[in-house]
Amino acid sequence: MNPGTIWAIAVLAAALGALAGYRLAKRGAKAQRRQEREREQALLDRVAAGLAHEIKNPLGALSLNVQLLEEELAASGQLSQASRSRLAAISKDYHRLEDVVNNFLRYAAHRRMSVAEADVNALVRELATFVKPDVARANATLNLMLSDSPIVCRVDAPLVKQAFLNVMLNALEAMPSGNGTLDIATEQENGIVRISVKDSGVGIPETDLPRVFDAYFSRKTHGTGLGLAITKRIIEDHDGRIDVESAPGRGTTVTVSLPVAGPAVKESA
Ligand SMILES: Nc1ncnc2c1ncn2[C@@H]1O[C@H](COP(=O)(O)OP(=O)(O)OP(=O)(O)O)[C@@H](O)[C@H]1O
Ligand SMILES: [Mg+2]
């Protein structure tokens, strides 16, 4: 074998080795992320089970007893205006607590994913129809800029729709004064689909940006702060990622990236 051939083989072998190493490292990082998510989920499952049992059951009993007390007082003619408003206050707090517990359980809920091939463009189109009344109410303009051909991903469609919906609702809520623009675009590149949701709303202050995916982080009076936390979990469960860019006062773009179904996905799984 001449030195040139040996040299070429050596270079090829080194390149293949580097590629294999890169793939292994990528696979390792992915497995580690999955393990972290599984650990986090196991903890959430335990807390959720505890909350459901220790708080939801006594809350149910509390609500029933308040109701019975009100009926008994009314029947005996002892239900004064003051008692009535005290009971109403207890009832209001009960509903608030019930909301807190239910919202947490919604966040913690781990539904076994049921994935099937679906066209991301079709999902986005369905959602655009679904949010039409909200767009009209916000007096906003919705532009869909979807790729010409279908983009097929393996997804749990209801979960992914929930994730996109949370992002779209945030975009609309960020444009309260009307005349805003909501641009939703999809593009496919190197086995990844990018779905971007761009609004011309109030934007996110730089100091808030690292916190928007935290559970219970909200700047809204009636926000739970769970919308983006749930969205992130759903997207990561699909081996995707979600990024936010924002210019305060000018708007925000949220980009979701998901692996496209096909050989490229199997290779790097
Ligand atoms: N498109 C956006 N424009 C401006 N701020 C945003 C946008 N998306 C998210 N945020 C900020 O991130 C915070 C967290 O969003 P998230 O969806 O998790 O909760 P929320 O919208 O406050 O409550 P919920 O989703 O329960 O209604 C919001 O309160 C807001 O401050
Ligand atoms: Mg939200």
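**A colleague's note on the sheet, its helices and ligand 1**

1. A good place to start is the open sheet, which is built from 5 strands in the order S2-S4-S5-S7-S6, with mixed pairing. Strand S2 (141-145) and strand S6 (241-247) stand at the edges with a single partner strand each, so one side of each has no neighbour in the sheet. On average, neighbouring strands are turned by 15 degrees against each other, direction ignored. Please keep in mind that this is a predicted model.

2. Within the sheet, have a look at strand S4 (residues 181-189) and strand S5 (residues 192-199): these two pair in the antiparallel sense over 8 bridges. To find your way along the pair, note that isoleucine 184 stands opposite valine 197 in S5.

3. Two helices deserve a look against this sheet. Helix H3 (residues 120-130) packs on the sheet and touches S2, S4 and S5. The direction of H3 makes about 170 degrees with that of S4. Helix H5, for its part, lies across S4, S5 and strand S7 (251-259), and runs at about 25 degrees to S5.

4. Helix H5 also takes us to the ligand. Both helix H5 (157-173) and helix H6 (227-237) supply at least two residues each to the shell around ligand 1. In total, 23 residues surround ligand 1, and the closest are Ala174, Ser218, Gly223, Gly227 and Leu228.

5. What is the make-up of the shell around ligand 1, in nonpolar, polar and charged residues? The shell divides into 9 nonpolar, 10 polar and 4 charged residues.

Note on methods: Residues numbered from 1 in each chain as written. Chains lettered and ligands numbered in written order. Predicted model: local features only at pLDDT ≥ 70, side-chain atom pairs only at ≥ 80, totals over all residues. Near = placed C-beta within 6 Å. Helix = DSSP H or I, 4+ residues; strand = E, 2+ residues; numbered from the N terminus. Nonpolar A, V, L, I, M, F, W, Y, C, P; charged D, E, K, R; others polar. Pairing = 2+ DSSP bridges. Axes fitted to C-alpha atoms, helices over the stretch in contact; angles between N-to-C directions. Contact = placed C-beta atoms within 7 Å.
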